[in-house]
Amino acid sequence: MTTRTRNLLAWHPRWVLIATVGLVVLAWSGVLDGLSAQYIDNALIGSGAIYATARGINALVSVLQGTEMNAFLLTFTVGELLDPINDLIERFSGVMMLAIGSLAMQKILLEVVSHTTFNILLTVLGGGVVATSIWGTARQYAALSKFFFVTVITRFSLALVVLANSWADVIFLEEADEDRHIAMQKFQGELGLIGSRAG
């Protein structure tokens with residue numbers, strides 16, 4: 001073993017122990033998982049509400065498509081005017097279904113990586129990293145460090161990505177999404193009023 005390797009092994013335990021214990025404690029605390037799960041739940045509720053509104057508009061348009069109205073001695077079919085909107089709403093509904101499916105998949109994956117099994121594996125590998133940094137060889141330390149690093153990435157990456165998405169959503173998209181949903185609800189109410197008058 002070279003002098004440089006001995007120096008590295010003598011210096012590593014200080015920060016290796018702190019970093020490893022910190023990551024293991026963070027994993028067991030579930031702080032990141034809780035925040036991520038809360039955002040996904042809220043996003044699922046919001047997306048579900050938007051999807052329900054879109055399907056409600058689609059249902060109203062379908063009802064109105066066969067309705068005829070008279071105006072200034074002219075008779076026209078409401079559905080002809082609403083066909084483009086109906087197509088747009090159907091496409092939008094498809095996009096929202098994909099978004100809801102993506103959120104549901106993220107929730108499932110988050111539950112998998114935050115399971116106790118992952119925390120136990122992370123704890124065992126972390127203990128091995130600390131032990132080999134003190135008593136093991138450089139080769140053993142490097143091998144266990146790689147496994148520990150991969151496990152850390154697997155354990156925390158999804159939660160961090162979800163939290164980054166939530167930050168971007170709150171800063172850039174949340175207000176606009178709420179305005180669009182309100183506009184959709186108003187349009188749904190107007191369609192319902194048109195349908196009642198036509199009836």
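In this short talk I will go through the confidence of a model, then its salt bridges, a buried asparagine, and an aromatic pair with the surface around it.

What we have here is a predicted model, in which local features need a pLDDT of at least 70 and side-chain atom pairs count only at pLDDT 80 or more, whereas totals for chains, interfaces and linings use all residues. Residues are numbered from 1 along each chain as its sequence is written, and side-chain values use heavy atoms, with hydrogens and water left out.

Let me start with confidence, given as pLDDT, the predictor's confidence in each residue on a scale from 0 to 100. The chain averages 84, and 84% of the residues score at least 70. Among the elements, which are DSSP runs numbered from the N terminus (helices are H or I with at least four residues, strands are E with at least two), helix 4 has the highest mean pLDDT, 91, and strand 2, residues 74–77, has the lowest, 59. I would also point to residues 5–10, where pLDDT stays under 50 and for which the model has seven contacts beyond four places in sequence, a contact meaning heavy atoms within 4.5 Å.

Now to the charged side chains. Counting a salt bridge wherever a side-chain nitrogen of Lys or Arg lies within 4 Å of a carboxyl oxygen of Asp or Glu, we arrive at three of them. In one, aspartate 33 pairs with arginine 155, with the closest N and O atoms 2.6 Å apart. Aspartate 33 belongs to helix 2 (residues 31–64) and arginine 155 to helix 5, so this pair ties together parts that are 122 residues apart in sequence. Are these two residues buried or exposed? Both aspartate 33 and arginine 155 are buried, where buried means under 20% relative accessible area, exposed means over 50%, and partly exposed lies in between, using a 1.4 Å probe and protein chains only.

Another salt bridge joins aspartate 41 to lysine 107, at 2.9 Å between the closest N and O atoms. This pair too links distant parts of the chain, with aspartate 41 in helix 2 and lysine 107 in helix 3 (residues 78–113), 66 residues apart. Aspartate 41 is partly exposed at 30% relative accessibility, and lysine 107 is partly exposed at 24%.

The salt bridge between aspartate 177 and arginine 180 has an N to O distance of 2.6 Å, and because these residues are three apart in helix 5, about one helical turn separates them.

Arginine 155 comes up again when we look at asparagine 119, a residue of helix 4 (residues 116–134). Asparagine 119 is buried, with a relative accessibility of 5%, and, leaving aside residues up to four places away in sequence, it touches Ala27, Trp28, Ser114 and Arg155.

Finally, which kind of pair do the rings of tryptophan 167 and phenylalanine 172 make? Rings of Phe, Tyr and Trp (its six-membered ring) pair if their centres lie within 6.5 Å, and planes under 30 degrees apart count as stacked, over 60 as edge-to-face and the rest as tilted. The structure holds one aromatic pair. The centres of tryptophan 167 and phenylalanine 172 are 6.1 Å apart and the planes stand at 90°, so the pair is edge-to-face. Tryptophan 167 is exposed at 54% relative accessibility, and phenylalanine 172 is exposed as well, at 57%.
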